Amino acid sequence: MSEEHKTTFWGAVGGKAAKSLAYAVMALFSVMTLYPIFWLAMNSFKTTREFQVSQLGFPVAPTLANYKGAWEFGEFAKLFPNSLIYTALSTLGIIFFSLLAGFAFAKIRSKATAPLYGSFIIGILLTIQTLMIPLFLEVNILGIYNTRLAVLLVYIGAGLPTGIYLATEFIKGIPSALVESARIDGAGYWRIFLAIITPMAVPVATTLAILNITGIWNEFALINILVSRTELKSLPLGIFKFSGSLSTDYGKQFAALVIGMVPMLAFYVVFRKQITKGVAAGAIKG
Amino acid sequence: MSRMKRIDREEGRAYALMVLPALVIYALVMAFPIILSVILSVSNYSGGKMFGGERWGFAGFSQYARVLADPFFWNALRNNVYIVLVSVFGQLPLGFIFAYVIYRKLVKWPGFWQGVLYVPNIISIIVVGLLWQTIFSPNGPIGEVMNGIYRNDFQLKLQLILGPAGGFAVDDGMVARLLELAGSAGADQFTDAPAELKSLLLSYGPGQYGQVMDALTNLFVQKWSPGFLNQPGVAMLPILFVILWMYTGMYLILFLANMQKIDSQVIESARIDGAHEGQVMRFIILPSLSGTIVNAAILAIAGSLSTFALIFAMTGGGPGRITEILSIYMYNNAFLGRPNFPLANAIALIMVFISFLLILLTKALEKRYGGKE
């Protein structure tokens with residue numbers, strides 16, 4: 001590095017002072033990010049009484065009573081299986097239907113592809129939360145209000161635009177020669193889809209799974225208008241119950257929030273690399 | 001029939017069967033609601049059974065006029081714009097700086113920082129909303145810290161009036177100064193403040209300095225309250241802060257992933273040729289990321305339109321509807337009080353219209369900046 005650069009701002013980047021500053025900034029923002037979560041977890045082990053006296057200290061006599069109370073009041077034993085069902089089935093549905101349509105769009109020539117694919121692409125920016133009122137009325141017309149079917153349909157439908165975009169672009173990258181030679185050998189499109197495309201599309205399927213698992217597990221706005229029976233509710237709906245009647249029972253509320261937070265944090269700890277990659281791939285504008 | 005025709009037919013059938021499931025679900029969830037919205041927004045449907053119930057029909061475009069004339073609509077739209085501004089001028093630059101610091105290896109452990117800063121994205125928005133609602137509430141930790149500060153400050157002023165620790169003498173002048181310090185709290189606590197306060201002070205012995213301090217502090221000290229959050233223009237600040245807290249990590253990941261696509265040899269050889277960091281940034285990194293930055297800005301606008309749960313959990317649009325955004329404004333019109341579905345659907349379509357403008361903008365920018373990132 002030449003001498004003159006050391007005096008300028010940009011010349012200093014990479015120098016010792018700049019590095020210390022970079023560490024300081026990153027550390028500051030990391031603490032700001034993690035401390036509220038830590039604070040929440042810490043206070044979930046205090047009684048509401050202790051919380052009111054001291055919010056910033058460690059719990060004097062840590063208790064699990066909040067968790068027991070929250071688990072029962074929130075009826076989490078019912079909500080956990082629901083969340084699992086919604087997340088698993090919707091994600092599988094999105095992956096399957098996206099790969100299927102993506103294969104057709106990418107590898108079967110048709111005049112219909114341009115308008116159909118285009119209409120899915122438009123959906124990427126059409127945020128479905130915008131449509132929650134007509135969706136609510138629609139499920140009532142169809143008679144599927146308060147059913148798992150409604151939740152699954154809406155979740156799958158909401159995931160399809162991005163899913164189909166990513167699947168189509170990925171399958172376009174698979175050499176057409178593979179499909180053509182299989183055709184010459186007499187294989188039908190369904191065989192080709194199952195035997196050639198699906199195994200090769202595992203990376204894009206993983207991306208879709210990552211994107212949708214976190215999104216659907218945490219989803220609130222849509223399921224909030226689709227179901228009202230406890231038997232059908234998901235975790236976020238159950239947690240929201242703690243904001244009204246129990247909003248002053250901080251102990252229970254915090255325990256409920258931790259219960260709502262832990263599954264996805266665990267998922268994140270295990271799949272951090274894939275999630276990071278998936279987010280970068282999924283953040284597309286259409 | 002020729003072999004070619006048979007193959008064509010098979011091809012067409014496979015295509016249709018493969019595209020159909022996605023198409024049907026997509027139509028049910030996206031297209032049909034939009035059509036329904038168009039119909040209902042110009043109707044006088046008032047809830048209940050849609051077919052075979054109360055009759056309803058065309059009622060003109062009055063709902064759109066009503067929305068556009070409603071100050072709460074413009075308030076909600078303005079709040080949506082605030083969210084976009086926080087994204088574009090807060091999350092994007094911060095995310096970019098973090099990504100740059102990690103990409104240029106100004107810090108070690110790139111995975112660690114990236115991993116930590118992305119954590120809030122993983123947590124359910126409802127959890128985030130309720131957590132921060134507590135933090136900002138008068139009974140939350142900010143309240144505890146602020147009340148501690150108020151208390152210390154008040155006790156310092158008390159010491160000036162009572163004199164040095166050890167003893168104190170009660171007289172009318174001191175009582176008057178105490179009441180002056182107490183301000184309105186004095187009148188709140190007593191009916192005949194000077195006399196009552198004096199007799200209270202006299203009930204303590206001169207040796208009970210600490211007890212008197214505590215008693216006076218408990219009586220008069222100001223309690224912190226986030227009352228300023230009831231002001232329009234200020235009420236959105238906590239929400240905007242939480243949005244910044246929550247999503248900055250997403251832009252970090254987006255920018256970093258695209259920076260890593262830049263051929264590092266280009267940067268290395270530019271550095272060898274004498275370019276300094278500023279020139280690397282100006283002539284290599286920024287141009288390579290122009291598409292990503294536009295993409296991120298569009299994501300920010302779309303994200304603002306899809307925001308719902310965070311505000312639903314934090315404020316529900318209150319106090320006094322000042323923190324409503326379009327989605328909450330729509331929800332409240334449909335589900336709070338007397339439902340007005342035509343109005344709510346008109347709002348939905350206005351939001352869809354904004355989305356379409358956004359899509360057109362995307363297409364235009366894509367032409368200008370080229371390809372997808």
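Tutor: Before we start, a word on charge: Lys and Arg count as positive, Asp and Glu as negative, and His and the chain ends are left out. Keep in mind, too, that this is a predicted model.

Student: Okay, how far apart do the centres of the positive and negative side chains of chain B lie?

Tutor: Chain B carries 26 positive side chains and 21 negative ones. Take the centre of each set, and the two centres lie apart by 16 Å.

Student: What radius of gyration does chain B have, set against a compact globule of 373 residues?

Tutor: Start with the overall extent: the C-alpha trace spans about 115 × 80 × 30 Å along the principal axes of chain B. A compact globule of 373 residues would come in near 21 Å, but the radius of gyration of chain B is 31 Å.

Student: And what is chain B built from, in helices and strands?

Tutor: Strands are quickly dealt with, since the count in chain B is zero. Among contacts between residues at least 6 apart in sequence, 70% join residues at least 24 apart. The helix count of chain B is 16.

Student: How much area is buried between chain B and chain A?

Tutor: On the residue level, 104 residues of chain B are in contact with 100 residues of chain A. On the chain B side, Tyr15(B), Met18(B) and Ile122(B) lose the most area to chain A, together 9% of what that side buries. Carbon and sulfur atoms give 78% of the area buried between the two chains, which is about 9100 Å².

Student: Which peptide bond in chain B is cis?

Tutor: Look in the loop between α14 (309-314) and α15 (326-335) of chain B, where Pro319(B) is found. Omega is near -5° for the bond in question, which runs from Gly318(B) to Pro319(B).

Student: Over in chain A, is Glu75(A) buried or partly exposed?

Tutor: Glu75(A) sits in the loop between α4 (65-73) and α5 (76-107) of chain A, and its phi is positive, near 50°, though the residue isn't a glycine. Buried would need under 20% relative accessible area, and exposed over 50%. Glu75(A) has 27% relative accessibility, so it counts as partly exposed.

Student: Then what about Asn146(A), buried or exposed?

Tutor: Asn146(A) is also not a glycine, and has a positive phi of about 60°. Its place is the loop between α7 (132-141) and α8 (148-172) of chain A. The relative accessible area of Asn146(A) is 16%, so this residue is buried.

How values were computed:
Residues numbered from 1 in each chain as written. Chains lettered and ligands numbered in written order. Heavy atoms only, no water. Helix = DSSP H or I, 4+ residues; strand = E, 2+ residues; numbered from the N terminus. Rg over C-alpha atoms; globule rule 2.2 N^0.38 Å. Contact = heavy atoms within 4.5 Å. Charge placed at Lys NZ, Arg CZ, Asp CG, Glu CD. Buried area = accessible area lost by both parts, 1.4 Å probe. Buried < 20%, exposed > 50% of the residue type's maximum accessible area, 1.4 Å probe, protein only.
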